[in-house]
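User: I would like a close look at one part of this model, with the cut-offs spelled out as you go.

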Amino acid sequence: MSILIRGGTVIGSTGPYDADVLVDGETIAAIFAPGKGPEGPEIIDATGKYVIPGAIDAHTHMQMPFGGTQASDTFDTGTRAAAIGGTTTIIDFAIQRYGEVVQDGLAAWHAKTAGECHIDYGFHMILGGVDDDALKAMDQLVTSEGITSFKLFMAYPGVFYSDDGQILRAMQKARENGAMIMMHAENGPAIDVLVKQALERGETSPLYHGLTRPQELEAEATSRAIWLAAVAADCPLYIVHLSASKALDQVKAARDLGRNVFAETCPQYLYLTLEDQLGAPGFEGAKWVCSTPLRSGKESHRADLWQGLRTNDLSVVSTDHCPFCMKDQKEMGIGDFSKIPNGIGSVEHRVDLLYQGVVDKKLSLARWVETIATTPARMFGMYPKKGVIAPGSDADIVLYDPNGRTRISVETHHMNMDYSAWEGWEIDGRVDTVMSRGEVISSGGEYTGRRGRGKYVPRALSEYLL
Ligand SMILES: [Zn+2]
């Protein structure tokens with residue numbers, strides 16, 4: 001069946017242009033000058049709307065086990081919420097823990113996702129224990145499983161933590177096979193000292209989660225990761241959830257040297273602050289406990305991050321969607337902030353929150369689309385199947401209404417969370433229609449997709465490597 005999306009303005013990474021888009025089956029068949037499309041197909045009127053590639057969230061953690069509980073969105077609820085918000089592909093994280101076989105971890109995540117996802121999905125692999133077997137497995141995942149990115153942690157000693165030797169070995173392997181090393185760059189052992197000292201002083205409220213993870217410990221780890229990658233012959237490195245000015249400075253310096261160093265940030269770091277959210281009265285701040293933490297609004301982090309997005313020192317915006325409910329989950333940390341499960345849920349809102357950056361003149365339309373769709377596709381080996389409106393690409397398409405309005409609330413969101421980190425936020429724009437591989441799955445706020453229709457996307461190597 002073919003569908004003609006008529007009268008809209010297509011946004012690509014070179015900017016906006018008026019065009020009609022013909023979808024045939026699951027892919028985009030052709031792009032026509034306005035009014036030049038064929039008669040006959042079903043028509044979707046996109047007059048006054050932006051036609052953008054379905055957004056790609058390259059960093060989510062659906063139903064992830066963490067600190068004795070698990071993230072509250074399942075692959076079912078989380079991908080449905082993502083779809084309604086204009087995201088048509090996620091890359092989630094399969095996990096190998098210390099002592100486990102990497103392929104077993106991957107198989108477990110394939111089992112969790114089978115028949116559950118509403119949109120297409122891929123996996124990065126978290127390596128919680130780098131050893132000889134894990135290094136061999138990296139080759140096998142790259143060549144046979146469509147997994148071309150591996151996440152390591154400089155934080156969380158005793159859980160996911162890798163020491164510098166393990167990191168170097170994984171980086172050397174990645175340099176060999178072309179994979180990307182994704183890094184959670186915070187100095188975990190130093191943070192643990194600060195956490196222990198704070199708790200001993202009776203500093204137990206959520207605010208101290210932020211104060212015990214100062215930006216210096218993010219900058220130091222970011223710098224260390226960058227130099228370890230240099231020792232590994234410029235292994236491709238992608239810093240996840242970069243939150244702080246001093247960490248951004250490290251990435252900038254590496255990129256100025258022409259290094260294979262990339263970074264993402266997340267909406268929470270672009271908008272929210274340590275004082276206003278994490279420092280909210282009583283235990284409220286637990287809603288915004290995530291790592292890296294929200295940074296001080298008295299410093300220049302938010303302005304610097306927006307600028308980094310404009311200049312491509314930050315290449316991608318993903319959510320690090322890792323939701324926990326207040327009841328029974330975040331509440332585990334009443335009286336001890338270190339027991340609050342780390343994570344914020346935003347998978348439904350990223351397209352809108354970044355569009356607000358366009359309205360506020362912090363990003364161009366082209367850059368909006370690049371940071372939420374095109375660059376993630378290219379960065380993680382899914383382009384041009386995903387991330388672009390072009391003939392032959394999957395018909396993952398969002399019609400975005402710049403005259404619409406979105407009000408975010410726990411009352412109306414679709415994520416499985418008992419609060420919203422963005423309660424009461426208003427966006428000057430609205431996701432109107434969402435198409436995934438040629439099927440309209442959401443339109444005018446009504447969801448028509450179904451569980452299990454999402455497919456696994458095996459990925460190629462990043463396109464950005466030197
Ligand atoms: Zn994460």
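Is Arg367 buried or exposed, at what relative accessibility, and which salt bridges belong in the same account?

Analyst: This is a predicted model, in which local features need pLDDT of at least 70 and side-chain atom pairs count only at pLDDT 80 or more, while totals for chains, interfaces and linings use all residues. Residues are numbered from 1 along each chain as its sequence is written, and side-chain values use heavy atoms, with hydrogens and water left out.

Arg367 counts as buried because its relative accessibility is 8%, where buried means under 20% relative accessible area, exposed over 50% and partly exposed in between, with a 1.4 Å probe and protein chains only. Its side chain meets that of Glu370 in a salt bridge, at 2.5 Å from N to O; the term stands for a side-chain nitrogen of Lys or Arg within 4 Å of a carboxyl oxygen of Asp or Glu. Arg367 and Glu370 both belong to helix 13, residues 365-379, and sit three residues apart, about one turn of the helix. Helices (H or I, at least four residues) and strands (E, at least two) are DSSP runs numbered from the N terminus.

A second pair is formed by Arg407 and Glu426, whose side chains meet in a salt bridge at 3.5 Å, N to O. This pair links distant parts of the chain, with Arg407 in strand 17 (residues 406-407) and Glu426 in strand 18 (residues 426-427), 19 residues apart. Arg407 counts as partly exposed because its relative accessibility is 48%, and Glu426 is likewise partly exposed, with a relative accessible area of 37%.

A third pair is Arg437 and Asp120, a salt bridge whose closest N and O atoms are 2.7 Å apart. Here too distant parts of the chain are linked, since Arg437 is in the loop between strand 19 (430-436) and strand 20 (439-443), whereas Asp120 is in strand 10 (residues 120-127), 317 residues apart. Both Arg437 and Asp120 are buried, and both take part in a network of salt bridges that links Glu26, Asp120, Lys385, Lys386, Asp394, Asp396, Arg437 and Lys455. For the whole structure, the search finds 33 salt bridges.

Turning to helix 12 (residues 350-359), Val359 lies within this helix and is partly exposed, with a relative accessible area of 30%. The C-alpha atoms of Val359 and Asp428 are separated by 7.1 Å, although the two residues are 69 residues apart along the chain.
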